Amino acid sequence: MANVGAPDSWEQQADADAGDGAASNDMSAKLSTLNVNAVEFVPSFSFKSAVEDDKTSPSDPVPPEDSGPLTNGQTAPDQEETAAKVSEVDEPPPGEASPPADWETADGDVDPLLTPDDPDGDEAADTVSEAMVKPKKKPIQAEETKSKREHVNVVFIGHVDAGKSTIGGQIMSLTGMVDKRTLEKYEREAREKSRESWYLSWALDTNQEERDKGKTVEVGRAYFETDKKHFTILDAPGHKSFVPNMIGGAAQADLAVLVISARKGEFETGFDRGGQTREHAMLAKTAGVKHLVVLINKMDDPTVLWAEERYNECRDKILPYLRKLGFNPAKDLTFMPVSGLTGLGLRDTVPRDICPWYSGSAFIPFIDNLPSLNRKTDGPFVLPIVDKYKDMGTVVMGKVESGECKKGMTLLLMPNRTSVIVDQLWSDDDEVTSIGPGENVKIKVKGIEEEDVSPGFVLCDPANPISTGRIFDAQVAILEHKSIICAGYSAVMHIHCVAEEVTVKALICLVDKKTGEKSKTRPRFVKQDQAAIMRIECAGIICLEQFKLFQQMGRFTLRDEGKTIAIGKVLKVIE
């Protein structure tokens with residue numbers, strides 16, 4: 001129909017159309033005969049009145065069989081009379097659109113050109129359906145939510161049993177990320193195993209082995225949101241056997257939370273030589289964590305009872321060591337007393353009657369108000385792969401170190417130079433269409449099999465791929481190693497997400513830690529607390545970058561005999 005607005009009465013419309021109808025050719029007449037006994041056509045805008053109409057006139061006029069075919073737009077005379085009667089009876093209240101007297105008449109008025117054979121009609125229908133489908137393809141919401149909050153990755157580190165997973169679980173419960181029923185279920189299951197104080201940690205320790213032993217093995221992931229930021233919790237394992245897993249977690253973090261147990265005896269074992277507190281703090285520093293928050297946990301323990309003396313004792317013992325690592329207490333180091341089990345000091349400040357001596361802010365508001373991190377949004381896209389799995393294709397996981405990536409882009413997988421196409425993107429389990437630096441993401445890629453990808457590979461921009469090499473020069477600081485290190489020494493190097501066996505090919509010179517001066521002669525060996533520049537050879541080709549160009553891809557740790565012995569930075573890739 002040419003005019004879209006409803007006419008005052010359908011007869012006028014019929015009459016108006018009748019004029020055109022007279023001129024219409026036989027073809028349309030044939031077509032419109034098909035339309036006479038069609039199903040009632042009920043336009044959605046006057047559905048209600050149509051129903052009322054049905055009620056009031058049960059004897060809806062049906063054209064008699066023998067009245068011959070109706071040509072388009074011509075109403076049968078008796079139909080016109082009935083229509084007139086109905087419209088008299090059923091005068092709609094003012095303000096409502098007047099219902100059509102009889103749906104078949106209305107149906108007859110349909111322009112014969114818009115029969116299914118008509119291409120224009122089809123196209124119109126298609127565009128409508130496309131318009132309906134499009135929002136599904138491109139979740140516009142996701143792009144908005146993506147840009148609103150800054151992404152911050154928080155890694156929880158510390159000695160085994162300091163309470164890292166419990167604090168993580170408690171934060172999720174306080175921020176409403178785990179619902180009450182799930183927690184009650186965990187509590188019930190934990191009580192059956194007589195482990196009732198562990199139930200919060202089960203929100204992060206999801207596999208059976210971790211729950212049975214009460215020890216985290218894998219790096220658990222979860223996330224919570226505040227008004228300003230979107231936090232990803234990386235719950236690292238504290239046990240010394242799982243330090244390599246912890247390094248993988250710390251490599252993705254922007255903010256580290258060192259959890260210390262204030263319980264008598266537990267703090268001492270964690271901090272003395274052989275405990276994980278020192279090693280974890282050091283690994284966090286070498287992983288390039290910008291800020292360290294030290295949570296002194298279990299303050300509600302019967303041996304502590306929120307005593308200020310115990311809090312100060314723990315703080316004063318660990319402070320010199322953290323200072324030695326290069327954390328500055330004025331700028332990037334904060335201490336807080338908390339209780340993971342009761343949740344005191346995490347979201348709200350500890351009540352005065354329990355802890356009168358501490359007046360600082362609580363943990364969540366504090367990390368929420370930290371200054372935002374300067375991210376490289378404009379740089380080339382770089383994503384070191386932490387993990388991969390198969391799910392209707394190859395899915396890789398990791399943290400975006402720089403640049404942005406959109407759906408459908410072509411990326412390069414280094415070091416084996418395979419080009420892949422981005423099929424789907426998820427940022428913390430929400431599907432999005434583009435991702436930016438600092439986000440923990442999963443990317444489904446086309447063009448490579450899952451078994452051809454291993455952790456430590458890097459997805460990067462084909463225009464400027466990340467450099468790869470096997471031999472490089474590095475400045476290395478020996479932290480603790482009983483014997484000397486000379487050419488031929490081998491250890492395991494952890495750089496971003498790669499763990500690779502390396503051998504020292506040659507020592508080039510010693511570096512004075514205070515002045516930075518380099519020795520003129522080649523040293524024969526290096527020992528603990530010395531720094532040297534050495535040439536290192538890897539067993540295979542790995543992705544790495546000069547430290548000054550890209551810190552995240554150029555800092556590494558060396559481990560031997562289950563201990564971290566040295567930290568270093570890549571100065572130059574040789575081949």
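The following exercises, with worked solutions, concern strand pairing in a predicted model.

**Exercise 1.** Determine which strands are joined to strand S7, and in which sense they run.

*Solution.* Step 1: Strand S7 covers residues 382-390, and three bridges join it to strand S15, residues 458-460. S7 and S15 run antiparallel. Within this pairing, Leu383 stands opposite Leu459 in S15.

Step 2: Strand S8 spans residues 394-399 and is linked to S7 by five bridges, again in the antiparallel sense. Here Lys388 faces its opposite residue, Val396 in S8.

Step 3: As general background, strands of a sheet pair through backbone hydrogen bonds, either parallel or antiparallel.

**Exercise 2.** Identify which residue takes a positive phi in the hairpin of S7 and S8.

*Solution.* Step 1: Three residues lie between the two strands of this hairpin. Step 2: In the hairpin, Met392 is the residue to name, with a positive phi near 50°.

**Exercise 3.** Describe the closed barrel, one of its strand pairs, and the helix that packs on the sheet.

*Solution.* Step 1: The barrel consists of six strands in the order S16-S19-S18-S17-S20-S21, with antiparallel pairing. From one strand to the next, the twist averages 45°.

Step 2: Among the pairs is that of strand S17 (residues 490-495) with strand S18 (residues 498-511), which are antiparallel over six bridges. Met493 stands opposite Glu500 in S18.

Step 3: Helix H13, residues 276-286, packs on the sheet and touches strand S20 (555-560) as well as strand S21 (563-573). The direction of H13 makes about 10° with that of S21.

Conventions. Residues numbered from 1 in each chain as written. Predicted model: local features only at pLDDT ≥ 70, side-chain atom pairs only at ≥ 80, totals over all residues. Heavy atoms only, no water. Pairing = 2+ DSSP bridges. Helix = DSSP H or I, 4+ residues; strand = E, 2+ residues; numbered from the N terminus. Axes fitted to C-alpha atoms, helices over the stretch in contact; angles between N-to-C directions. Contact = heavy atoms within 4.5 Å.
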